[in-house]
Amino acid sequence: MNTRKRILSICLVVAVVFGMTGCVDSEKQDRLIQFINEDLAEEFKLESEANDLYAQNTGDNFKGDEELYNALTETVIPNYEKMIAGASDIDLGEFTEFSELKSLIIQYWSKKKEAFEKICDAIEQQNETMIEEGNTLLSNAETIYEKFKNERDKLYEEYNVITKE
């Protein structure tokens, strides 16, 4: 009888521990979703606006240096500054497992801002080499973004977050 009570006690402890782990994972899942969908929502909106405006003034849509310069200085760069500040201000609290994700998005946006600033300098100085350097920085930013996506996807899998493609 005494052995039976011990086994039941152990089973109860195991059930409680597993139950609590499920709650913790559920809290982490909720916090991850909140971080991506709510905390960064304004920043993603600013990014979309900045990227759309940049695309409207580059490549086949290039209208001239002045138009690109104005787009960069009046909207694109200020948006990236706001995005970096906004993401930096997010408090993840006890959810330190998301710190790398936060760090990567800040690095990505910082690298893009640096690239856009380099392109502005290139326009001011009419320096083709600086334009190439700016484009290289944009490419480097995309490498960081890939790391962000990989980390995000790893966390989605770990915390069973299902996304709609």
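**Exercise 1. Helices α3 and α4**

The axes of helix α3 (residues 65-88) and helix α4 come within 9 Å of each other and cross at roughly 160 degrees. Using this predicted model, work out how α3 is oriented relative to α4.

*Solution.* Let's start with a general idea: a pair of packed helices is described by the angle between their axes and by the distance between those axes. Here the angle is roughly 160 degrees. Angles over 145 degrees count as roughly antiparallel, so α3 is roughly antiparallel to α4. Next comes the handedness: α3 and α4 make a left-handed crossing. Finally, sort the residues in the contact of α3 with α4 by class: 16 are nonpolar, three are polar and seven are charged.

**Exercise 2. Helices α4 and α5**

Now try the next pair. Describe how α4 (residues 99-125) and α5 (residues 128-158) are arranged, and give the classes of the residues in their contact.

*Solution.* Step one is the geometry: the two axes come within 8 Å and cross at roughly 170 degrees. Step two is the orientation: that angle makes α4 roughly antiparallel to α5. Step three is the handedness, and α4 passes α5 in a left-handed crossing. Step four is the contact, where α4 and α5 bring together 17 nonpolar, five polar and 11 charged residues.

**Exercise 3. Checking helix lengths**

Compare the end-to-end distances of α2 and α4 with the spans expected at 1.5 Å a residue.

*Solution.* Take α2 first: it covers residues 41-55, which is 15 residues. The expected span uses one less than the number of residues, so α2 should span 21 Å, and its end C-alpha atoms are indeed 21 Å apart. Then take α4, which has 27 residues. From its first C-alpha to its last, α4 reaches 39 Å, close to the expected 39 Å.

**Exercise 4. The buried side of α2**

Which residues of α2 are buried, and how are they placed around the helix axis?

*Solution.* Begin by listing them: Glu-43, Leu-46, Glu-47, Ala-50 and Tyr-54 are the buried residues of α2. They cover an arc of only 105 degrees around the axis, so they sit on the same side of α2.

**Exercise 5. A glycine in α5**

Is Gly-134 buried or exposed, and how far is its C-alpha atom from that of Phe-116?

*Solution.* First find Gly-134 in the structure: its place is in helix α5. Its relative accessibility is 0%, so Gly-134 counts as buried. Now look across to Phe-116: the two residues are 18 residues apart along the chain, and their C-alpha atoms are separated by 6.6 Å.

**Exercise 6. Positive phi angles**

Locate Gln-126 and Asn-160, then say what their phi values are.

*Solution.* Keep a general rule in mind: most residues other than glycine have a negative phi. Gln-126 is found in the loop between α4 and α5, and its phi is near 50 degrees, a positive value in a residue other than glycine. With a relative accessibility of 56%, Gln-126 counts as exposed. Asn-160 lies in the segment after α5. Its phi, near 55 degrees, is positive too, again in a residue other than glycine. Asn-160 is exposed, with a relative accessible area of 59%.

**Exercise 7. The whole chain**

How many helices and strands does the chain have, and what percentage of its residues count as buried?

*Solution.* Count the elements: there are five helices and zero strands. Read from the N terminus, their order is α-α-α-α-α. Of the 165 residues of the chain, 35% count as buried.

Conventions. Residues numbered from 1 in each chain as written. Predicted model: local features only at pLDDT ≥ 70, side-chain atom pairs only at ≥ 80, totals over all residues. Heavy atoms only, no water. Helix = DSSP H or I, 4+ residues; strand = E, 2+ residues; numbered from the N terminus. Buried < 20%, exposed > 50% of the residue type's maximum accessible area, 1.4 Å probe, protein only. Arc of directions from axis to C-beta. Axes fitted to C-alpha atoms, helices over the stretch in contact; angles between N-to-C directions. Parallel < 35°, antiparallel > 145°, perpendicular 65-115°, else oblique. Left-handed = near helix turned anticlockwise from the far one by under 90°. Nonpolar A, V, L, I, M, F, W, Y, C, P; charged D, E, K, R; others polar.
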